[in-house]
Amino acid sequence: MQQRLEQQDLQLAERARELAQQQALLERKDRELALRQAKIEKINFELARLKRWKFGAKSEAMTAEQRQLFQDTVAEDEASLQAQLAALQASSLPETPKAPKAPPRKPRREALPQHLRRVEHRHEPEDTSCGCGRPMVRVGEDISERLDIVPAEFFVHRHIYGKWACRCCQSLKQEPAAPEIVDGGIPASGLVAHTLISRFVDHLPYYRQEAVNARSGVHTPRSTLAAWAGYAGAALEPLYDALKRFVLGARVLHADETPVALLDPGAGKTRRAYVWAYARGELDAQRGVIFEFCLGRGGQYPVAFLSGEDGAWSGTLLTDQYAGYDTAMDTRVYPKRVAAGCVVHARRKYDELAKAGTSPVAEAAIKRLAQIYHVEGNFAGMPADHRHEGRQKLIKPLWEEFKLWLELERRRVPDGSSIAAAIDYSLNHWEQLTRHLDDGEVPMDNNFLERQIKPWQMGRKNWLFAGSALAGQRAAVVMSLVQSAKLNGHDPWQYLRDVLARLPTHLNSRIEELLPHRWRVRELSEPTST
């Protein structure tokens, strides 16, 4: 009996040791699982942050080398994190049931433009006889299309001027030479327009254009290309002045500015200059934008521009609350001018805090502004009076509620904090930020003009700097006309080619006919091969 009890005790002790070992093993497994799960969460966080950097980085703010290094680094980091994540997920983690995935959608390919020339290639069987010996009947066809390209083709216009003489009177008749933008030069209006578009739309410096043209066997030194652009810029000046008058004829204007490097030969480096931009209101039926190259960012520049040739401009000016506009908008001097603020600039201050994840108040403010923008979207395309009525009924109560909420939250947040500064910005500029409530023609923000300035931000990373103040203003002339043409739905090359062909013989008193909002496509005769 005693021996049996001892054996049971030994078995119980052995069982207890096994249970203790199993418990220790389970605890170790739990720790490993928890550690692995923490690693997965960390990697997922790093991937999410990497995507924010990847899609949120302002590539136009980097040099070409920095942008390439940034892209390479992001690709390397993303691949490394994905590999680590796959390795962890492939390890002995307990599988959790996954929700059934919907079948992947087949990507829908956009149809090729109908205006493109089609070259047909027909494919038919060599033998259309059936195996039974009878002839087969064509019952249909399948069509597939592939996009192709022929590189830009240079061609030559040959102008042949016939000479007619009278043997009796000894007189001679001959048509005068057709005037061109570059008098006595070789480029036609199409080539000059192409040079301008390559420079100011595609942002190709002249030395790159020289290399591109050389591939077609055409020698165009960069100095020659620059000279053509200079002739064209001078010829476009009257049209630029007319565009300025047209823009200043609007009752609602956008205004903004962006820095551009200007070469300072005396100092052997560059200095900062600015391009000031003005556009007719986004809600205006007629579109137009104009740029002015200035040596600084002081208030004297908008004051001079808004003075205009036909008297001081009056109306509502939508800006980002930069103090440089204060002098131009001083109601004591200009009582007929009204200042409006950009709601997006106020929103960005909350957005920066929300992305950092440090302010629930900022996140709540963004949701309230999103609701306001959602309601505003319902008024797209409406006449100004209907939009004003809708804003008063639906949006004004949201703004009033938003203001009360901001004032309450401001008392709760500490002075000197980032969220306090964001709220103060909104409350201090409340009248300007809500100006659109009183006028159906005033947009809520300045995003429209910021999109028009984008080409300057992209271009300055390619041509790096303006060589002189004259070169900067010449760029402003061309880009004003090009951006205005794009706003009115025109192809910029087609517009410039036609305008440059007309200008030498066009009456200056009718220059407004060539402005982008009035210009109509004119078919030019195609060259005849010889």
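Trainee: What makes D439 and R251 a salt bridge?

Mentor: This is a predicted model, so the distance is a computed one. The side chains of D439 and R251 meet at 2.9 Å, N to O. The cut-off is 4 Å between a side-chain nitrogen of Lys or Arg and a carboxyl oxygen of Asp or Glu. The pair therefore counts as a salt bridge.

Trainee: Why is this pair said to link distant parts of the chain?

Mentor: Look at the positions. D439 sits in the loop between α11 and α12 (447–459). R251 sits in the loop between α5 (222–248) and β3 (252–264). The two are 188 residues apart.

Trainee: Why is D439 called buried?

Mentor: Its relative accessibility is 15%. Buried means under 20%, so D439 counts as buried.

Trainee: And what makes R251 partly exposed?

Mentor: R251 has a relative accessible area of 39%. Partly exposed runs between 20% and 50%, so R251 belongs there.

Trainee: How do you know that E513 and R510 form a salt bridge?

Mentor: Their side chains meet at 2.8 Å, N to O. The limit is 4 Å, so the pair qualifies. E513, at 28%, is partly exposed. R510, at 42%, is partly exposed too.

Trainee: What joins E124, R138 and E141 into one network?

Mentor: Salt bridges that share partners do. One of the pairs is E124 with R138, at 3.0 Å, N to O. Both residues lie in the loop between α2 (64–90) and β1 (164–166), 14 residues apart. E124 is partly exposed, at 46% relative accessibility. Across the model, the count comes to 24 salt bridges.

Trainee: Why does D320 have no salt bridge?

Mentor: The nearest side chain of opposite charge is R297, 5.2 Å away. The cut-off is 4 Å, so R297 does not qualify. D320 is buried all the same.

Trainee: What does the side chain of D320 reach, then?

Mentor: The backbone nitrogen of Y322, at 3.1 Å. D320 lies in the loop between β6 (315–319) and β7 (337–341). Leaving aside neighbours within four places in sequence, its contacts are D256, E257, Y325, C342, H345 and Y425.

Trainee: How many cavities of 30 Å³ or more does a search of the whole structure find?

Mentor: One. The largest cavity has a volume of about 40 Å³. Its lining includes V343, W399, F402 and W430.

Trainee: Which element gives the most to that lining?

Mentor: α7, with three residues. The elements giving two or more are α7 (343–356), α9 (384–412) and α11 (430–433).

Key: Residues numbered from 1 in each chain as written. Predicted model: local features only at pLDDT ≥ 70, side-chain atom pairs only at ≥ 80, totals over all residues. Heavy atoms only, no water. Helix = DSSP H or I, 4+ residues; strand = E, 2+ residues; numbered from the N terminus. Buried < 20%, exposed > 50% of the residue type's maximum accessible area, 1.4 Å probe, protein only. Lys, Arg positive; Asp, Glu negative; His and termini not counted. Polar contact = N/O pair within 3.5 Å; in protein donor to acceptor, adjacent residues only side chain to side chain. Contact = heavy atoms within 4.5 Å. 1 Å grid on protein atoms, 1.4 Å probe; cavity = no way out; pocket = protein on both sides within 12 Å on 5 of 7 lines; lining within 4 Å. Points joined across faces, edges and corners; volume = space filled by probe spheres on them.
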